Amino acid sequence: MKKEKITKNRAFLKWAGGKFKLVDTITALLPKRCDTLVEPFVGAGSVFLNTDYKFYVLNDINPDLISLYQHLRDQPEHLINSCAELYQTKYNNEDAYYGIRSEFNQEKDSFRRAVLFTYLNRHGYNGLCRYNLSGQYNVPFGRYVRPYFPEREMYFFARKAQRAVFTRLDFETCMKNAPQGAAIYCDPPYLSLSDTAKFTSYAKNSFNLKDQQRLAKTAHQLAQTGKNSVLVSNHDTPVSRSLYQEANIKSTKVARLISRQTSSRKAVKEVLALYKVQQRGEVIS
């Protein structure tokens with residue numbers, strides 16, 4: 001008898017560093033005997049979309065991302081229909097893109113910003129989400145022949161988001177506010193593989209080494225006190241190995257598609273560091 005193939009759910013946003021390709025590896029390491037999954041860096045939400053917890057706390061420091069998710073959860077049909085209007089040929093050119101980007105950077109209404117953000121994500125370069133120091137979205141035009149309108153994926157997200165609470169907190173606050181026993185998955189901005197790899201300014205304030213250290217310390221403390229098991233992903237580097245020395249580390253490879261040159265888009269090593277709450281009588285290997 002053939003084993004039924006399980007279909008994975010794709011995020012409706014294109015996202016640099018998205019976890020769709022690693023979701024099976026990640027979910028295999030996440031605790032299952034709990035009701036809630038907390039994601040302090042939710043990004044495009046691939047882990048959320050491919051797990052089955054009763055409740056979710058989905059957090060991100062990017063206000064446009066969290067606002068979009070809230071509008072999609074609360075008024076999916078209105079938002080999706082509004083987004084669809086921008087997926088016409090007349091809007092898929094350089095002049096239209098930069099006009100919409102300029103409108104987005106001046107727009108104050110959160111619903112309209114959510115519509116424009118979705119357009120920019122699918123028409124901008126390579127799934128990047130980047131702002132300059134003034135907080136202006138500055139991703140260039142992507143030049144796609146026919147950008148895909150993710151209607152099905154948006155409706156799936158909206159249905160599942162009925163189980164979710166969306167927050168915009170500092171990651172440490174989010175982690176410490178997690179319910180007792182909740183699983184926590186952290187996908188922070190990654191450590192650079194080289195000095196030339198620092199391609200993103202994901203939000204106005206960058207995520208620096210002190211933040212990486214604060215994340216590792218918080219994860220360790222939560223596990224040590226028996227409150228939460230925490231799984232963290234990052235590039236596999238000597239720095240990350242040192243940061244996560246208190247965790248159980250699994251190394252894996254995944255293709256990264258950020259490089260501008262197609263020839264240099266190769267698989268890179270990543271680590272998954274598990275800070276596990278130790279049960280009574282359990283020996284952690």
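What is the handedness of the crossing of helix 4 and helix 6? In this predicted model, the crossing of these two helices is right-handed. The paragraphs below begin with this pair, then turn to a neighbouring helix contact, the nonpolar cores and a buried strand residue.

Two packed helices are described by the angle between their axes and the distance between the axes. For helix 4 (residues 76–84) and helix 6, the angle is about 50 degrees and the axes lie 9 Å apart. That angle makes helix 4 oblique to helix 6, because oblique covers angles that are neither roughly parallel (under 35 degrees), roughly antiparallel (over 145) nor roughly perpendicular (65 to 115). On the side of helix 4, the contact is made by His78, Leu79, Ser82 and Cys83, and on the side of helix 6 by Phe111, Ala114, Val115 and Thr118. Five of the residues in this contact are nonpolar and three are polar, with no charged residue taking part.

Helix 4 also packs against helix 3 (residues 63–74): the axes of the two come within 5 Å and cross at roughly 115 degrees. Helix 3 contributes Leu68, His71, Leu72, Arg73 and Asp74 to the contact, while helix 4 contributes Pro76, Leu79 and Ile80. Here the residues divide into five nonpolar, one polar and two charged.

Leu79 appears in the contact with helix 6 and again in the contact with helix 3. Leaving aside residues up to four places away in sequence, leucine 79 touches Leu68, His71, Leu72, Phe111, Ala114, Val115 and Met154. Leu79 also belongs to the largest nonpolar core, which has 58 residues; the members that touch the most others there are Leu13, Tyr69, Leu79, Phe117, Tyr137 and Phe157. Helix 6 (residues 110–123) gives the most to this core, with seven residues. A second, separate core holds 23 residues, including Cys174, Ala178, Cys186 and Leu191.

The last stop is leucine 272, which is located in strand 7 (residues 267–275). With a relative accessible area of 1%, leucine 272 is buried, because the limit for that class is under 20%. Its C-alpha atom is separated by 5.6 Å from that of valine 232, although the two residues are 40 residues apart along the chain. Not counting residues up to four places away in sequence, leucine 272 touches Leu231, Val232 and Ser233, as well as Asn248, Ile249 and Lys250, and also Thr25, Ile26 and Leu29.

Technical notes
Residues are numbered from 1 along each chain as its sequence is written. This is a predicted model: local features need pLDDT of at least 70, side-chain atom pairs count only at pLDDT 80 or more; totals for chains, interfaces and linings use all residues. Side-chain values use heavy atoms; hydrogens and water are left out. A nonpolar core is a set of buried Ala, Val, Leu, Ile, Met, Phe, Trp, Tyr and Cys residues joined through side-chain atoms within 4.5 Å. Buried means under 20% relative accessible area, exposed over 50%, partly exposed in between (1.4 Å probe, protein chains only). Helices (H or I, at least four residues) and strands (E, at least two) are DSSP runs, numbered from the N terminus. Contact means heavy atoms within 4.5 Å. Axes are lines fitted to C-alpha atoms, for helices over the stretch in contact, and angles run from 0 to 180 degrees between N-to-C directions. A crossing is left-handed if the near helix is turned anticlockwise from the far one by less than a right angle, and right-handed if clockwise. Ala, Val, Leu, Ile, Met, Phe, Trp, Tyr, Cys and Pro count as nonpolar, Asp, Glu, Lys and Arg as charged, and the others, Gly among them, as polar.
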